[in-house]
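Visitor: Could we take a close look at the place where the protein meets the DNA? I'd enjoy a walk through the contacts there, and then through whatever surrounds them.

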2 protein chains.
Amino acid sequence: MAETAREIAEELRERIRSGALRPGARLPGEPALVKEHGVAKETARRALMLLVSEGLAVRRKGSGTYVREFQPIRRVANKRLSAEGWGAGQSIWSADVGDRPMQVTDLRVYETAAPDDVARVLGLDDGAEVVVRDRLFKVEGEPVQSATSYLPSDLVRGSAITQEDTGPGGTYARLAELGAKPVRFVEELRSRMPSREETERLRLSEGTPVVEIYRTALTEEGRAVEVNRMLLDASVYVMEYRITG
Amino acid sequence: MAETAREIAEELRERIRSGALRPGARLPGEPALVKEHGVAKETARRALMLLVSEGLAVRRKGSGTYVREFQPIRRVANKRLSAEGWGAGQSIWSADVGDRPMQVTDLRVYETAAPDDVARVLGLDDGAEVVVRDRLFKVEGEPVQSATSYLPSDLVRGSAITQEDTGPGGTYARLAELGAKPVRFVEELRSRMPSREETERLRLSEGTPVVEIYRTALTEEGRAVEVNRMLLDASVYVMEYRITG
DNA sequence: AAGTGGTCTAGACCACTAG
DNA sequence: TAGTGGTCTAGACCACTTC
């Protein structure tokens, strides 16, 4: 009787780790904890919130608090380098749920002045115009990733890249036709907690970080022709990179 | 007067985003918010905790709440592929603080039964022995990353890999001498909130995710000879990958 | 309607930090 | 020692979900 929020959380954490409470299972609610441990409702609440902020649990208003489930989507950066000595079935986080279909929604195409950092990477003057392609990816109706591409207006003006439908082969095929075929890519990743807006856009539950990826596409000559900023729901993704020494 | 915790947080968030409150600056404390907004202390506290859980602020007991600073370390997975068309100065998150020296601490080398997932990736039988090399990396005295390598005991027994000092060229040079030179690597990354133990080991402040990386080293023939599990303080790292289409 | 979480209050006591 | 954060209580009212 009469424990602290941390102690109650530790007990529940242990029950989750041991498997006594499986993913998706319902945790004892606030009233139950109040009774069992003889604490105030706020204290019980804090115990549960601790698990939520650790990403271990998810709260559903009016329903209960549940052990979080993790069924990742695998994002393989270099799909091209397939088979050939890379073995099979040797991934740490099971391949799982084999390629669920992904829908593209909320596509918007427009033109603006390039943000400072993007302008710098693309080697553009301050305030130069870029074509922006912004979209949201969903799996089973749930948003899992947003992506915003920036391309120099001077380069892509007049091509299908400025249309909603970029045609067969997509943006990169059009860039190739413009004599700016991307052949190398740099991805810079960072993980952090989301802002309020990001939480809403990706419908994140509390305790969920995001992964922010900037992908720069380079031509044979080393010219940067596209910057793509992606924001991933970290509770849903495993990123894979293949590196040749 | 009389706002909610969310509203007070939003106001402070705005002050941070606008730059009125710079990184490292001190936020108004609980008593100040109580006075300014006419709310209870707990409400003021919740407003500040919201910013903390978003990774925007850091609390220092007895001192105050401060706007978080982000000065990343750049981790370039494929260092080998340098220069050559990859351009320079074109990174999104500034290269910064140019390679601060990193110390290796808490090195432990021992042998045990391989964890299930590691055994599977290394293609070992259940319960097969592995040599484990565990270490902690620090920058300016602060832990930023832990790394745990697993190598099949049958392969590395008798080599310097089982010693604390692996000799010139390190583990990979020794593996090459054993006829198991790693030439390809697969990195699988995931980001999530840390467990309590991880928070302590990396001395993470609240609202800080971790990045978990499993790096598998493969020989020319595609044999997995090492699995390295790294855990990074996400508030400190930017990961970079270079991909050839 | 009963049960769940969401939020707030007004007060208490403690531990740590800084001058 | 004054100021800051850390934690807890006992109660209140609301909104949502489930049946």
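How far does a polar side-chain atom of A:Glu42 lie from a base nitrogen of DNA strand C?

Guide: The distance is 2.4 Å, between a polar side-chain atom of A:Glu42 and a base nitrogen of DNA strand C. Before we go on, please keep in mind that this is a predicted model, in which local features need pLDDT of at least 70 and side-chain atom pairs count only at pLDDT 80 or more, while totals for chains, interfaces and linings use all residues. Residues are numbered from 1 along each chain as its sequence is written, chains are lettered from A and ligands numbered from 1 in the order in which they are written, and side-chain values use heavy atoms, with hydrogens and water left out.

Let's stay with strand C. A:Glu42 is among the five residues that come nearest to this strand, out of 25 around it, and the others are A:Arg59, B:Thr4, B:Arg6 and B:Thr43. Here a residue is near a strand if one of its heavy atoms lies within 4 Å of it. The backbone takes part as well: a polar backbone atom of B:Ala5 is 3.0 Å from a phosphate oxygen of strand C, and a backbone N or O atom of B:Ala40 also lies 3.0 Å from a phosphate oxygen of that strand. Two or more residues of the surface near strand C come from each of H2, H3, strand S1 (57–60) and strand S2 (64–67) of chain A, and from each of H1 and H3 of chain B. Helices (H or I, at least four residues) and strands (E, at least two) are DSSP runs, numbered from the N terminus. H3(B) gives the most to this surface, with 4 residues. By class the surface holds 4 nonpolar, 8 polar and 13 charged residues; Ala, Val, Leu, Ile, Met, Phe, Trp, Tyr, Cys and Pro count as nonpolar, Asp, Glu, Lys and Arg as charged, and the others, Gly among them, as polar. Of the strand C atoms within 4 Å of the protein, 67% belong to sugar or phosphate, with the rest in bases.

Now for DNA strand D. Among the 26 residues around it, A:Thr4, A:Arg6, A:Thr43, B:Glu42 and B:Arg59 come nearest. A phosphate oxygen of strand D is 3.0 Å from a polar backbone atom of A:Ala5, and the backbone of A:Ala40 likewise has a polar atom 3.0 Å from a phosphate oxygen of the strand. A base is reached too, with a backbone N or O atom of B:Gly62 lying 3.0 Å from a base nitrogen of strand D. The elements supplying two or more residues here are helix H1 (5–17) and helix H3 (41–53) of chain A, together with helix H2 (30–37), helix H3 (41–53), strand S1 (57–60) and strand S2 (64–67) of chain B. H3(A) gives the most, with 4 residues. The classes are 4 nonpolar, 9 polar and 13 charged residues. Sugar or phosphate accounts for 66% of the strand D atoms within 4 Å of the protein, and bases for the rest.

B:Glu42 leads us on to the partner chain. A:Arg46 forms a salt bridge with B:Glu42, the closest N and O atoms being 3.4 Å apart; a salt bridge is a side-chain nitrogen of Lys or Arg within 4 Å of a carboxyl oxygen of Asp or Glu. Between chain B and chain A the count is 6 salt bridges. There are also 17 residue pairs in polar contact, both at pLDDT 80 or more. A polar contact is a pair of N or O atoms within 3.5 Å; within protein, one must be able to donate a hydrogen and the other to accept it, and residues adjacent in sequence count only if both atoms are side-chain atoms.

One last stop is A:Leu21, in the loop between H1 and helix H2 (30–37) of chain A. A:Leu21 is buried because its relative accessible area is 10%, where buried means under 20%, exposed over 50% and partly exposed in between (1.4 Å probe, protein chains only). A:Leu21 touches A:Leu12, A:Arg15, A:Ile16, A:Arg26, A:Leu27 and A:Val67, leaving out residues up to four places away in sequence; contact means heavy atoms within 4.5 Å. A:Val67 is 46 residues away along the chain, yet its C-alpha atom is 7.2 Å from that of A:Leu21.
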